[in-house]
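Me: I have a structure open and would like to go through the reasoning behind some of its labels. Could you take my questions one at a time?

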Amino acid sequence: MPPPSRVSVARPGYGSIAGMSHAPRHGHRTWPATLSLAAAMALYVGGLQWWDQLTPGARAVAQGAPLTVGPARFVPAPGWQMDVARSRPGQSLVLVKSGHSFSVQTAAWHGDADGLLRREQRLLERGYRLRVEGEPSGFFTDWGLQGTTFAYYGARLSGRLWLVMDGARATMVTVDFYGPNQDTDAAAQALTEAQDMLASMDLGAA
């Protein structure tokens, strides 16, 4: 954590208005400089607004067209958008909809499947203070992709994690779905769409 910023206190007679000599004013015109400063500020603020419009936080994706993250490839569900700030080309892709997130990450992994499972559970429990309930179970996608999945819960958030390890590529794929759990119907609908996206996934993109 960075140290708190220091606030300097002006001392009387040193750099303060009270310590300055009262030189006679000669009526210099200040309005041209003021006008230039105002114009510069308007241009700066307008430029920021224009830049924000060009770089939105979420971007629409083509419906029915597969998305790829490393070797992983899947079809997005309708209405989901890409979170540009949290996505990294070739490494991670985050889709968002109504406060829920569907995150796909790929990375090199040279361990075993059990080690990967323990690592992810420990991260959720110790790092994020969430609880993992029930035993992990296996899953298959429509394209024959298989792995391990488990659910996790918090006071206001719940999610499900799917883990895939491709030994031939020494690659792991982590699919993490999570979002608010206050509205059970909305959470169930979002989970169904996340499961549909997972079902369409395969590792034939690379």
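Me: Why is Glu120 called buried?

Reply: Happy to start there. In this predicted model, Glu120 has a relative accessibility of 9%. Buried means under 20%, so at 9% Glu120 counts as buried.

Me: What does Glu120 touch, leaving out residues up to four places away in sequence?

Reply: Its contacts are Leu161, Leu163 and Thr174. Glu120 itself sits in helix α2, residues 113-127. Other buried residues of α2 include Gly115, Leu116, Leu117, Gln121 and Leu124. The buried residues of this helix pack against β7 (131-140), β8 (146-153), β9 (157-166) and β10 (171-180).

Me: How do you know that the span of α2 is close to the expected one?

Reply: By setting two values side by side. From first C-alpha to last, the 15 residues of α2 reach 20 Å, and 21 Å is expected at 1.5 Å a residue. Just after the helix, Arg129 has a positive phi of about 60 degrees.

Me: What makes Arg119 and Glu120 a salt bridge?

Reply: The distance from N to O is 2.7 Å, and the cut-off is 4 Å between a side-chain nitrogen of Lys or Arg and a carboxyl oxygen of Asp or Glu. The pair therefore qualifies as a salt bridge. Arg119 has 34% relative accessibility, which makes this residue partly exposed, whereas Glu120 is buried.

Me: How many salt bridges does the structure hold, and which one involves Asp202?

Reply: There are six. Asp202 pairs with Arg73 at 2.9 Å, N to O. Because Asp202 lies in the segment after α3 (184-199) and Arg73 in strand β3 (residues 72-74), the bridge ties together parts that are 129 residues apart in sequence. Asp202 is buried at 13% relative accessibility, and Arg73 is partly exposed at 30%.

Me: What makes Glu193 and Lys97 a salt bridge?

Reply: The same kind of check works here: the closest N and O atoms are 3.2 Å apart, and the limit is 4 Å, so the pair counts as a salt bridge. Glu193 is in helix α3 and Lys97 in strand β5 (residues 92-97), 96 residues apart. Glu193 is buried at 12%, while Lys97 is partly exposed at 25%.

Me: Which residues touch the most other members of the largest nonpolar core?

Reply: They are Phe74, Leu95, Phe102, Val104 and Met201, in a core of 25 residues. Two or more residues come from each of β2 (67-69), β3, β5, β6 (100-108), β9, β10 and α3. The largest share, four residues, is from α3. Phe102 shows the packing nicely: among the residues it touches are Phe74, Trp80, Leu95, Phe177, Ala194 and Met197. A second, separate core has eleven residues, including Leu117, Leu124, Leu130 and Leu161.

Me: How do you know which parts of the model call for caution?

Reply: Look at the confidence values. The chain averages a pLDDT of 79, and 72% of the residues score at least 70. Residues 1-26 stay under 50 and have two contacts beyond four places in sequence. Residues 37-55 are also below 50, with zero contacts beyond near neighbours in sequence. Where pLDDT is low, the predicted coordinates should not be read in detail.

Key. Residues numbered from 1 in each chain as written. Predicted model: local features only at pLDDT ≥ 70, side-chain atom pairs only at ≥ 80, totals over all residues. Heavy atoms only, no water. pLDDT = per-residue confidence, 0-100. Contact = heavy atoms within 4.5 Å. Expected span 1.5 Å × (residues − 1). Buried < 20%, exposed > 50% of the residue type's maximum accessible area, 1.4 Å probe, protein only. Core = buried A, V, L, I, M, F, W, Y, C linked by side-chain atoms within 4.5 Å.
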